[in-house]
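Q: Hey, could you walk me through this structure? I'd like to take it bit by bit.

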Protein chains: 2
Amino acid sequence: MRLSNLADYAVITMCQAATHCGDGRVSAAELAAETGLPVPTVQKLVSKLTGAGLLRSVRGAHGGLQLGRPAAAITVADIVEAIEGPIALTACVDHVACDFEAGCNMRAHWPIINVALRGALAGISLAQLRNPPAARPLPLIEEIQA
Amino acid sequence: MRLSNLADYAVITMCQAATHCGDGRVSAAELAAETGLPVPTVQKLVSKLTGAGLLRSVRGAHGGLQLGRPAAAITVADIVEAIEGPIALTACVDHVACDFEAGCNMRAHWPIINVALRGALAGISLAQLRNPPAARPLPLIEEIQA
DNA sequence: TCAATTCGGACGGAATCAGTCTGATTTCCA
DNA sequence: TGGAAATCAGACTGATTCCGTCCGAATTGA
């Protein structure tokens, strides 16, 4: 149920990249130095984030990285999905057959849980991360149901 | 971001145990046979579930297991927490120091995400699992924010 | 007192993940 | 146009965690 370390690092890295938004390009080595993460790890993250379109890389001398979209258009859900793949708590939602379906009535319930989780992650943009969170937290699902 | 297999199995096992609610006691071996899970695995699950109070075990001859509370008072969140510990996506919410706090503004945001996730799991009781889910799914967090 | 049943901890194998390294590609400058 | 610099991209190794299994101890009913 824990987020992988790489996904956690990716959020930190993207957050740091956003602070260089107006500075032109940033190298992966700079991001590593500023965040304290190992350089090869940041390179690995950057590779996946670029593939997902969240970062845009320019190779060659004086190359570097920049955000692929405005910070407000990048959410935590986007970053997590770029590193870990689709956001889902169980494999059975990925259309993979489950060996224990006989005694399992959860199949119809997991999508609801997954949507709630993804919604929570998608509700936080990179732009919001640079500011303190809203004073009023999101309502609880329990309160909504009541 | 995936639920561990054991947590998934625990939900299935509890669901099966609930079907024996009126039959007195059930042995772990019976639950294993009905769900198709390995017997030792079910025993391990039962041990943790009993420790959390979700199951009640009676030792000795003609012993067995029964629900520790009414099915309506046991939620998926309870089961998952019994197996995996507190529901949280990142370690930093557990009051564990994070090495990368310098460039990390996520600290204030994770509790919101965690609460939303736990709420989604806590909104589904064991009694509900035996019936098809409500026709109207829960609202998306995105819709709530709008 | 004996037999049946469960609980608890310890062990081995497997899979996944984090981290490191080396090679290929691209661009700028002389 | 050629060389050099800086970057990205993929493959590999080591370690951690997790799953599944087994065996001994404790408890209860006959």
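Q: How many helices and strands are there in chain A?
A: There are seven helices and two strands. Both kinds are DSSP runs numbered from the N terminus, with helices being H or I over at least four residues and strands being E over at least two. By the way, this is a predicted model, where local features need pLDDT of at least 70, side-chain atom pairs count only at pLDDT 80 or more, and totals for chains, interfaces and linings use all residues. Residues are numbered from 1 along each chain as its sequence is written, chains are lettered from A and ligands numbered from 1 in the order in which they are written, and side-chain values use heavy atoms, with hydrogens and water left out.

Q: Cool. In what order do the elements of chain A run?
A: Starting at the N terminus, you get α-α-α-β-β-α-α-α-α.

Q: And how much of chain A is buried?
A: Of its 146 residues, 44% count as buried. Buried means under 20% relative accessible area, exposed means over 50%, and partly exposed is in between, using a 1.4 Å probe and protein chains only.

Q: Let's zoom in on α1(A). Is that helix mostly covered or mostly bare?
A: Mostly covered: 11 of the 15 residues in α1(A) are buried. Among them are A7(A), D8(A), V11(A), M14(A) and Q16(A).

Q: What span should α1(A) have, at 1.5 Å a residue?
A: Its 15 residues should span 21 Å, and the end C-alpha atoms are 22 Å apart, which agrees. The expected span is 1.5 Å times one less than the number of residues in the helix.

Q: What about H20(A), where is that found?
A: H20(A) sits in the loop between α1 and α2 (28-35) of chain A.

Q: Buried or exposed?
A: H20(A) is buried, because its relative accessible area is 14%. If you skip residues up to four places away in sequence, H20(A) touches V26(A), L31(A) and E34(A). A contact here means heavy atoms within 4.5 Å.

Q: New topic: DNA. Which residues are closest to DNA strand C?
A: The closest are N5(A), L6(A), P40(A), S27(B) and S57(B), out of 21 residues that surround the strand. A residue is near a strand if one of its heavy atoms lies within 4 Å of it.

Q: Which elements supply that surface?
A: α1 (5-19) and α3 (39-51) of chain A, plus α3 (39-51) of chain B, each supply at least two residues near DNA strand C.

Q: Which polar contacts does strand C have?
A: R59(A) has a polar side-chain atom 3.2 Å from a sugar or linking oxygen of DNA strand C. For S47(B), a polar side-chain atom is 3.1 Å from a phosphate oxygen of that strand, and for S57(B) the distance from a side-chain N or O atom to a phosphate oxygen is 3.2 Å. A polar contact is a pair of N or O atoms within 3.5 Å; within protein, one must be able to donate a hydrogen and the other to accept it, and residues adjacent in sequence count only if both atoms are side-chain atoms.

Q: And DNA strand D, how many residues surround it?
A: 19 residues surround DNA strand D, with S27(A), L65(A), S4(B), N5(B) and P38(B) the closest. A backbone N or O atom of N5(B) lies 2.9 Å from a phosphate oxygen of the strand.

Q: What touches the bases of strand D?
A: K44(A) has a polar side-chain atom 3.4 Å from a base nitrogen of DNA strand D, and R59(B) has one 3.4 Å from a base nitrogen too.
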